[in-house]
Amino acid sequence: MVEKRPFLHLLAHLVLILGVLIVAFPVWLAFVASTHEPTAFTSGVIPLLPGSNGVETYATMLGTGMSTSGAPPLGLLLWNSFVMAMLIAVGKIAISILSAFAIVYFRFPLRSLAFWCIFITLMLPVEVRIVPTFKVVADLGLLNSYAGLTVPLIASATATFLFRQVFLTIPDELTEAARIDGAGPMKFFRDILVPLSRTNIAALFVILFIYGWNQYLWPLLVTTDAKFYTVVAAIKRMAEVTDAQPQWNFVMATAVMAMLPPVLVVILMQRLFVKGLVETEK
Amino acid sequence: MKRTIFGHRLLPWLLLFPQLAVTFVFFLWPAGQAARQSFLREDAFGLKTEFVGLANYAALFRDPLYLNSLQVTVVFSVAVAVLSMGTALLFALAVDRMLRSARAYTTLIVWPYAVAPAIAGIMWWFIFNPTIGIMPYLLDIAGYDWNHGIDTTDAMILVVIASSWKQISYNFLFFVAGLQAIPASLREAAAIDGAGPVKRFFTVTFPLLSPTTFFLLVVNVTYTLFDTFPVIHATTEGGPAQSTNILVYKVFVDGFIGLNLGSSAAQSVVLMAIVIALTAIQFRWIERRVEY
């Protein structure tokens with residue numbers, strides 16, 4: 001702030017309050033809808049204040065799910081999403097930190113080719129190569145499995161670059177000292193590189209967990225067995241009913257539960273989240 | 001470049017193996033298949049395939065549906081980029097004036113980053129539901145009859161709002177960082193020379209923010225091209241009358257539902273070319289930034 005302008009300051013507050021309200025508006029309505037009885041949505045306009053049916057809605061969804069649309073209980077959906085998000089985040093971090101270590105600390109033939117192979121994955125998002133990738137996964141017999149849900153997504157150029165950047169800033173003297181003390185490459189990796197990259201790993205984990213949790217197209221294609229549905233991909237099946245209005249209270253309860261875990265991660269780990277976001281875009 | 005390295009011949013390959021295996025099996029091989037398929041024509045029963053050269057591409061760019069999809073994608077991308085970046089910049093400028101409350105406001109604006117695009121789509125779909133939604137109700141009072149199931153403009157507005165809402169948080173964070181990187185002395189000097197807040201914004205702040213703006217533009221275009229698939233799929237499904245059928249959604253529909261593999265593959269290759277161009281732009285920009 002350069003000079004004192006009370007009017008402008010007040011305007012800024014107003015803009016921000018309006019902003020916070022706009023941002024929260026759809027989520028508030030979703031929450032409100034999930035606390036009403038189904039009859040509240042048959043006519044008129046959607047309610048704006050919470051109703052009294054919330055406990056029942058969530059109990060039904062968590063316990064039995066929406067049987068009419070063939071969706072399993074919300075508990076199972078959330079568990080599947082959690083497993084998928086964890087496997088993707090841990091998998092991406094593990095294979096990327098290993099490949100960054102190989103690229104930075106070793107000289108071997110075809111090193112730059114390996115680097116470019118990894119780099120190219122940046123340019124091939126799932127959406128672009130869905131049909132052939134689906135065929136590969138089907139041929140490998142990975143449909144309807146956690147492996148099929150996660151393994152095709154765990155290659156990561158971004159994470160590899162991030163770790164490469166981190167390793168390049170670690171002073172050579174440390175490596176020399178470790179070598180003089182007789183440490184082999186794997187011991188150096190385990191006892192020096194991994195502990196030194198701890199905050200980067202944590203920041204990356206936050207971003208990748210959200211990425212994994214929010215996957216949509218891939219789980220939609222790979223899972224036809226309700227046992228493996230994830231919550232984000234299943235919501236469309238619940239909202240889609242022919243010749244009738246969706247059961248809004250159940251659909252919105254699912255939406256609230258589907259966004260709760262990643263939103264909590266962002267709010268509780270805001271510092272790591274911002275760090276991860278800024279780093280992965282470099 | 002590291003001076004101190006480890007000498008091993010086999011170990012680096014073992015370390016790289018998982019990454020390279022996944023990359024090859026699920027990225028390079030399918031991408032190659034898509035490229036190959038785009039030059040072939042397969043009959044409806046998959047019995048006969050023949051090499052047709054560039055015929056699939058030629059057909060693609062003569063197909064009015066594809067040209068329409070291209071146009072829809074451009075309109076959608078520009079609308080989402082302008083709406084979400086404009087709103088985010090406004091919020092960022094406001095937060096930049098705050099001292100103690102900046103952190104609280106930031107937290108309250110940033111969290112939708114974690115909401116999946118599909119969920120954002122479903123929520124706005126609910127809000128705009130023609131029968132019971134709150135927005136059609138308000139618009140009706142204002143004399144507008146909203147129905148995104150029939151009206152093509154309404155459908156586009158719906159997907160633009162849903163996609164922008166989710167992207168504001170991201171743009172906001174980067175704009176705030178960009179604003180904080182501008183030295184206060186520059187703005188103070190302009191103020192001493194008699195420039196008011198509006199003039200300062202247009203002559204000092206906004207030009208100095210242009211690298212951030214440009215970077216966000218590329219990121220937002222990439223976002224609208226690929227990550228908004230769930231928004232479309234969960235709400236309008238490309239309709240009504242193809243009005244929201246963006247390129248990635250069309251690849252999916254033609255490949256999985258229409259089973260038109262040659263055309264779908266050609267569309268995939270066109271999309272790959274677009275991503276490669278965008279990535280190249282992004283990396284060039286970053287190289288320049290490092291030089292500063």
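The following exchange examines how chains A and B meet in a predicted model and how some residues are classed.

Residues are numbered from 1 along each chain as its sequence is written, and chains are lettered from A in the order in which they are written. In this predicted model local features need pLDDT of at least 70, side-chain atom pairs count only at pLDDT 80 or more, and totals for chains, interfaces and linings use all residues, while side-chain values use heavy atoms, with hydrogens and water left out.

Me: What makes E237(B) and K236(A) a salt bridge?
Reply: A salt bridge requires a side-chain nitrogen of Lys or Arg within 4 Å of a carboxyl oxygen of Asp or Glu. The closest N and O atoms of E237(B) and K236(A) are 2.6 Å apart, so the pair satisfies the rule. Side chains of opposite charge can pair when their charged atoms come close.

Me: Why is this pair said to join two chains?
Reply: K236(A) lies in helix α12 (residues 231-239) of chain A, whereas E237(B) lies in the loop between α11 (229-234) and α12 (247-257) of chain B, so the pair joins two chains. Helices here are DSSP runs (H or I, at least four residues), numbered from the N terminus. Across the interface of chain B and chain A, the rule finds one salt bridge.

Me: Why is K236(A) called buried or exposed?
Reply: Buried means under 20% relative accessible area, exposed over 50%, and partly exposed in between (1.4 Å probe, protein chains only). K236(A) has a relative accessible area of 8% and is therefore buried. Its partner E237(B), at 37%, is partly exposed.

Me: How do you know that K135(A) and D139(A) are separated by about one helical turn?
Reply: They are four residues apart in helix α5 (residues 130-139) of chain A, which means a separation of about one helical turn. K135(A) and D139(A) form a salt bridge, with the closest N and O atoms 3.3 Å apart. D139(A) has a relative accessible area of 59% and is therefore exposed.

Me: What makes K227(A) exposed and D225(A) partly exposed?
Reply: K227(A) has 53% relative accessibility and so counts as exposed. D225(A) has 28% and so counts as partly exposed. Their side chains meet in a salt bridge at 3.7 Å, N to O.

Me: Why is S268(B) called buried?
Reply: Its relative accessible area is 4%, so S268(B) is buried. S268(B) belongs to helix α13 (residues 261-291) of chain B. Leaving aside neighbours within four places in sequence, S268(B) is in contact (heavy atoms within 4.5 Å) with V128(A), A34(B) and V251(B).
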